[in-house]
Amino acid sequence: MATKEVIFLLALFALIFIHVSYGQEDPIDDPPDNDPIEDPAPTAPKPPTRDDFPKDFIFGTTSSAYQFEGAARDHGKGDSIWDVFTANHSDKVKDGSNGDIAEDFYHRYPEDLPIMQYLGFNAFRFSISWPRILPSEIIYNFYTPYLVQMMDDFREYAELCFSLFGDRVKKWITINEPWSYSTLGYAQGIFPPNRCSKGANKGLNRQFTFRPGRFASYADNVECPNGGNSGTEPYNVSHNLLLSHAAAVKVYREKYQKIQNGQIGISLCTQWYKPRNKTYYKDQWAKDRAIAWMYGWYMAPLTFGRYPRTMVKRVGDRLPKFNEEQKAMVKGSADFIGLNYYTASYVAHTACIEDNTYMNDPCAFVSNVSATGEAIGNKTYLDWLYVYPNGINDILRYGQRMYKNPPIYITENGVDRQNQGLDPNDLLRKEYHENHLAFIPKVIEQGVNVKGYFVWSYMDNFEWLDGYTVNFGLIYVDHQNNTLNRACKDSAKWFKNFLGSKQPLDFNTTYVNCDMN
């Protein structure tokens, strides 16, 4: 990728790269004005063109070490906790698969990277695998420490990466989706290390509780043999992740940033939420709480050095506190924010259940249909992903008003399809990206500081508990015949045309089919 300036986004810790209408129950973060956070009736803009975006706007694709690399034992690589989990609990993955070989990106990257150039992308966000760099430790989830209180270890690992790669890497991401680690691993217990309270996923604890996003249905009736506490551990884990992030940022800024001329940030995932009954004031409050428990949980500390007030009030002593030194370290510890957005949901107020779990603390439940039975968008193959492009407009404007308008990179945005073999006609994916991208120039005109957009994902890959049964890629990978041959889908061709790429695919290969003539 030498013919263009390429910005690499590497996640070290993880996947690496007024309110007006009805008043407000608890002020979340002191909204700065009286404008509605959500457009009353946002209309879909015209189809976008590359010229609608600033010239320096970054367009890239995204990958993840465990999901893409393979080479699980090559060159002395150690085990991550996902290596251990898939080896011992293959029954927990929908098709019994794992990432031992994955897309074999570890060996095939010399021919995969030119495809990105050929399509017109000028950035690639990928993982640095902790157990490949330091193989003596077992690492949690998306390469997070198995033991959560390892701030010093993470800082040392991050500094090693800064020293080895910082002359070439100019955008660092410390942690990808801390919400996912904390809730899926320590509240619902469906991701390793599979910790949750006894009975947290059964009966009334399963119904009418806050379980947004991917894999929520996988938690039905799940028990956690490793034990756990769904009311304390998720908050402790997130607290330690924030401190680890801030420690890495501190050492980067003090020792490397000025010399290497780079930036460092963090990637957060969130949905957008709409009140299930838009005329019911408690559903309006529930919407605010839902955003606080997923996005504000991290954005408030990063911006103000404290947790959202509504969380402090509800969670009480179970929510860790920052001391003054930690507050100073966490506040402002991101040169940019990565935003992973896929979908939106309705949310409704529900009576608070005093069992003290993360799922019950927001006193809200998530639904894909409104009180009048209207779906929030078109459903995809996965039961959690409904297409709602307006949500990317709403969450970006929310961040602008609530969190001082930080520089934002959309670090993941994408849509699934059931894996049915090589079928290049992925019209839904083309329309999904086109309709989401259409909102970006609009919010930039409104002053939102959006700097780039990354597609999840570059190619089909191991999708955690869904294995290879679904795909998000622009590039098809042939797992059915075990060849791992690549082929461009129609969505890849759309991006080539959208980005105006004239780059030839100037290498010979036996396993890449991206001829668009």
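Rings and charges in a predicted model

Mentor: This is a predicted model. The charged end of Lys496 sits over the ring of Tyr118, 4.0 Å from the ring's centre.

Trainee: Why are Trp494 and Phe498 called a stacked aromatic pair?

Mentor: Their ring centres are 5.0 Å apart and their planes differ by 5°. Centres within 6.5 Å make a pair, and planes under 30 degrees apart count as stacked, so both conditions are met. By this rule there are 48 aromatic pairs.

Trainee: Where in the chain do Trp494 and Phe498 lie?

Mentor: Both are in helix H15, residues 490-499, and 4 residues separate them, about one turn of the helix.

Trainee: What makes Trp494 buried?

Mentor: Its relative accessible area is 13%. Buried means under 20%, so Trp494 qualifies. Phe498, at 8%, is buried because its value is also under 20%.

Trainee: Why is the contact of Glu69 with Arg132 called a salt bridge?

Mentor: The closest N and O atoms are 2.9 Å apart. The limit is within 4 Å, so the pair counts. Glu69 lies in the loop between helix H1 and helix H2, and Arg132 in helix H4, 63 residues apart. The whole structure has 19 salt bridges.

Trainee: How do you know whether Arg155 is buried, partly exposed or exposed?

Mentor: Arg155 has 27% relative accessibility. That is neither under 20% nor over 50%, so Arg155 is partly exposed. Arg155 forms a salt bridge with Asp152, with the closest N and O atoms 2.5 Å apart. Asp152, at 41%, is partly exposed for the reason that its value falls between those cut-offs.

Terms used
Residues are numbered from 1 along each chain as its sequence is written. This is a predicted model: local features need pLDDT of at least 70, side-chain atom pairs count only at pLDDT 80 or more; totals for chains, interfaces and linings use all residues. Side-chain values use heavy atoms; hydrogens and water are left out. Rings of Phe, Tyr and Trp (its six-membered ring) pair if their centres lie within 6.5 Å; planes under 30 degrees apart count as stacked, over 60 as edge-to-face and the rest as tilted. Helices (H or I, at least four residues) and strands (E, at least two) are DSSP runs, numbered from the N terminus. Buried means under 20% relative accessible area, exposed over 50%, partly exposed in between (1.4 Å probe, protein chains only). A charge sits over a ring if NZ of Lys or CZ of Arg is within 6 Å of the ring centre and within 35 degrees of the ring normal. A salt bridge is a side-chain nitrogen of Lys or Arg within 4 Å of a carboxyl oxygen of Asp or Glu.
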